[in-house]
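Grab a pencil and work through the exercises below. Try each task yourself before you read its solution.

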Amino acid sequence: MSHTEKGTLYIVSTPIGNMGDISERALDCLRSVDAIACEDTRHSGRFLSHLAIKQRLISYHDFNAASKSAYLTDLLEHGSDIALISDAGTPGVSDPAYRFVKEATDRGFTVQPVPGPSALLAAIVVSGLPLDRFVFEGFLPPKGAKRIKRLEELSTEIRTIVFYESPHKILSLVESIRDIFEDRELSVSRELTKLHEETVRGSATEVLNQISGKKPRGEYVVVVRGVGKTKASKKGKYEA
């Protein structure tokens, strides 16, 4: 990549499991930049070593985002091109990449996406649910009243809803959807693009029956049908 007076920030998507999903453009970008900002230098170091990419790695994660954003934008100011990657998938989706992007755009640097794999998109396109309109909720509050309250608020959402969930909470999430969303149709995907990739579809009860006896593995993406065209009944409930 040719240097201009200021550097360019590239937001580079990386595989979520299958190494074959890395694009030629992403490879060219990662090989050409002056530095690569990543969540976990050990994890990304192994990934990049597999690709014979030896660029300088700079850690950038939730706990150092404030200080590192300023440092990285200073590198851009001095003409360095930087690629930003996450542990897997597209940076900025449920990770702190947006802070760096905001800092860079506020200071007038060029920011370019290098599109590619995304667990969010992979899960919704195989869900079998309507995708003309959807809302990405990400991770819910971890526990307690805030978690239940948010699910209750979302139970009247018209659009398809997408959640991320950790392995140890996936059963409780589907149980809550069964109870609060009145056994709504959904899909649950795990290990997308990997050897044990699986998507389970059906009502919340049906999905629970299928996943209850299996050992939770990897991160999950849960896609829930919205209520559709709704109207409030006299009892205050919503009917599809």
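**Exercise 1. Find out which residues of helix α7 (residues 170-180) are buried, and how they are arranged around the helix.**

Before you start: this is a predicted model, where local features need pLDDT of at least 70 and side-chain atom pairs count only at pLDDT 80 or more, while totals for chains, interfaces and linings use all residues. Residues are numbered from 1 along each chain as its sequence is written, and side-chain values use heavy atoms, with hydrogens and water left out.

Step 1. Get the terms straight. Helices (H or I, at least four residues) and strands (E, at least two) are DSSP runs, numbered from the N terminus. Buried means under 20% relative accessible area, exposed means over 50%, and partly exposed is in between (1.4 Å probe, protein chains only).

Step 2. Go along α7 and you'll find Ile170, Leu173, Val174, Ser176 and Ile177 buried.

Step 3. Now look down the axis of α7: the buried residues fall within an arc of 155 degrees, so they line one face of the helix. The arc is taken from the directions between the helix axis and the C-beta atoms.

Step 4. What do the buried residues of α7 pack against? They pack against α6 (144-154), β7 (160-165), β8, α8 (204-211) and β10 (220-224). Contact here means heavy atoms within 4.5 Å.

Step 5. Check what follows α7: there you meet glutamate 182, with a positive phi near 60 degrees.

**Exercise 2. Do the same for helix α3 (residues 65-77), beginning with its span.**

Step 1. α3 has 13 residues and reaches 18 Å from its first C-alpha to its last, close to the 18 Å expected at 1.5 Å a residue. The expected span is 1.5 Å times one less than the number of residues.

Step 2. In α3, the buried residues are Ala65, Ser69, Leu72, Thr73, Leu75 and Leu76. Down the axis of α3 they fall within an arc of 150 degrees, so they line one face of the helix.

Step 3. Flip to the other side of α3, and Ala66 and Ser67 are exposed.

Step 4. The partners of α3's buried residues are β1 (8-12), β2 (35-38), β3 (56-59), β4 (82-84) and α4 (97-106).

Step 5. Just after α3 comes glycine 79, with a positive phi of about 95 degrees.

**Exercise 3. Work out the strand order of the open five-stranded sheet, and which strands stand at its edges.**

Step 1. The order is β3-β2-β4-β1-β5, with parallel pairing. Two strands pair if DSSP finds at least two bridges between them.

Step 2. β3 and β5 (110-114) stand at the edges with a single partner strand each, so one side of each has no neighbour in the sheet.

Step 3. Zoom in on one pair: three bridges join β2 to β4, and alanine 37 has leucine 84 in β4 as its bridge partner.

**Exercise 4. Explain why cysteine 29 forms no disulfide with cysteine 38.**

Step 1. A disulfide is a pair of cysteine sulfur atoms within 2.5 Å. A search of the whole structure finds zero of them.

Step 2. The closest cysteine sulfur to that of cysteine 29 is in cysteine 38, and at 14 Å it is too far for a bond.

Step 3. Buried or exposed? Cysteine 29 is buried at 3% relative accessibility, and cysteine 38 is buried too, at 0%.
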